[in-house]
Amino acid sequence: MQTTVEPIRGTNDPVQSLELSLVVPIFNEEQSVGPLVERVVAAMVSYPHRWELILVDDGSTDATLVNARKYVGHEGLALRIVELQRNFGQTAAMQAGIDTARGRLIATMDGDLQNDPKDIPSMVAELERRELDLLVGWRKNRKDGLFLRKIPSWCANYLIGRITGVKLHDYGCSLKIYRASIIKQVKLMGEMHRFIPAWVAGVVPSSRIGEMAVTHHAREHGVSKYGISRTFRVILDLLSVMFFMRYKARPGHFFGSLGLGLGALAMLILLYLGFDKFILGNDIGTRPMLMVGVVLLLSSVQMITTGILAEMIARTYYRDDASPNYIVRQIFDDQSQA
């Protein structure tokens, strides 16, 4: 089918003048990727600056990549497609897109047509007006199931806000606008894309993170990649976020505090038993409390030792870690079509 794309403004400007990079991770979205590109172009017609669209194919096994490549080289469309070697997950795909982006600002959104690209220009204007470093979309009128999607999401947003201190209505919305200089300081790993505002809060004050109500559509094609099981992974990831936010640079304080607490309790138990044995003359050899005290003492030593090892590993991490959490197979853009 012949596709038509309206030109964008300023396409002959140098790369350095790119104002906005729109990053969209896609996985098995063969029916959605074409309409997605066309909706993005239609939404950005009135945007007065240069922009680019980056599609990250996260190891799709259907015709997603083939359908996306039909748009490469179309006049007036600055499209780049990053093909990952296999499926690495949404977080890694998003990181690959952010690393590839060349714009001063970076927008991210889902590729399932539930986010509306028409919100992007107004979000960019709002981010600049409020002088924010991150503007998060809020799906105020969310088109998802109540029990399987909305209620778990409400609970997760509340917990994340309480634990991280960054209180937002919708952590799970992929439609976000970042300043590239800020988000490129954050390395995304695991399934941590839903906690991006918390990670950004480790780089800038939380006062520079805001939210804005955006449009949300029901899924038109395909099936959701997430189910109720995601709730349990969110809880586990949240514990990891809490640890990294508070103790990433000083893990020895976390394990050391546990070790000292257990050690103090062990010493109280053993001192009491020592008094009972040597002063009062009672037999303590068969007392369960003796075993408890010894186990607590050993656990204390183990925790303190773990803290020291964690400090050594953390220093190695900060010195040597520079490897990406994804592998790019190929990048398709205008030059590759020449």
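Guide: A helix here is a DSSP run of H or I, at least four residues long, and helices are numbered from the N terminus. This is a predicted model.

Visitor: In which helix does Met312 lie?
Guide: Look at residues 288–320, which form one helix. Met312 lies in that helix, α10.

Visitor: Which helix gives the most to the nonpolar surface patch?
Guide: The patch is made by Leu260, Ile304, Ile308, Leu309 and Met312, and covers about 490 Å². One helix gives 4 residues. The top contributor is helix α10.

Visitor: Which strands stand at the edges of the open sheet?
Guide: The sheet has 8 strands with mixed pairing, in the order β7-β5-β6-β4-β1-β2-β3-β8. Each edge strand has a single partner, so one side of it is left without a neighbour in the sheet. From one strand to the next, the twist averages 20°. The edge strands are β7 (209–213) and β8 (328–332).

Visitor: Which residue in β6 is the bridge partner of Leu135?
Guide: Strand β5 covers residues 134–138, and β6 covers residues 176–179. The two pair in the antiparallel sense over 3 bridges. In β6, the partner of Leu135 is Ile177.

Visitor: At what angle does helix α4 run to β6?
Guide: Helix α4 spans residues 119–129. It lies across β1, β4, β5, β6 and β7. Its angle to β6 is about 45°.

Visitor: Over which residues is the pLDDT below 50?
Guide: The mean pLDDT of the protein chain is 84, and 85% of its residues reach 70 or more. One stretch is below 50, with 27 contacts in the model beyond near neighbours in sequence. Where pLDDT is low, predicted coordinates should not be read in detail. The stretch is residues 1–14.

Technical notes: Residues are numbered from 1 along each chain as its sequence is written. This is a predicted model: local features need pLDDT of at least 70, side-chain atom pairs count only at pLDDT 80 or more; totals for chains, interfaces and linings use all residues. Side-chain values use heavy atoms; hydrogens and water are left out. Patches are made of residues with over 30% relative accessible area and no salt bridge: like charges are joined within 9 Å, nonpolar side chains (Val, Leu, Ile, Met, Phe, Trp, Tyr) within 5 Å. Accessible areas come from the Shrake-Rupley method with a 1.4 Å probe; for residues, only the protein chains shown count as cover. A salt bridge is a side-chain nitrogen of Lys or Arg within 4 Å of a carboxyl oxygen of Asp or Glu. Two strands pair if DSSP finds at least two bridges between them. Axes are lines fitted to C-alpha atoms, for helices over the stretch in contact, and angles run from 0 to 180 degrees between N-to-C directions. Contact means heavy atoms within 4.5 Å. pLDDT is the predictor's confidence in each residue, from 0 to 100.
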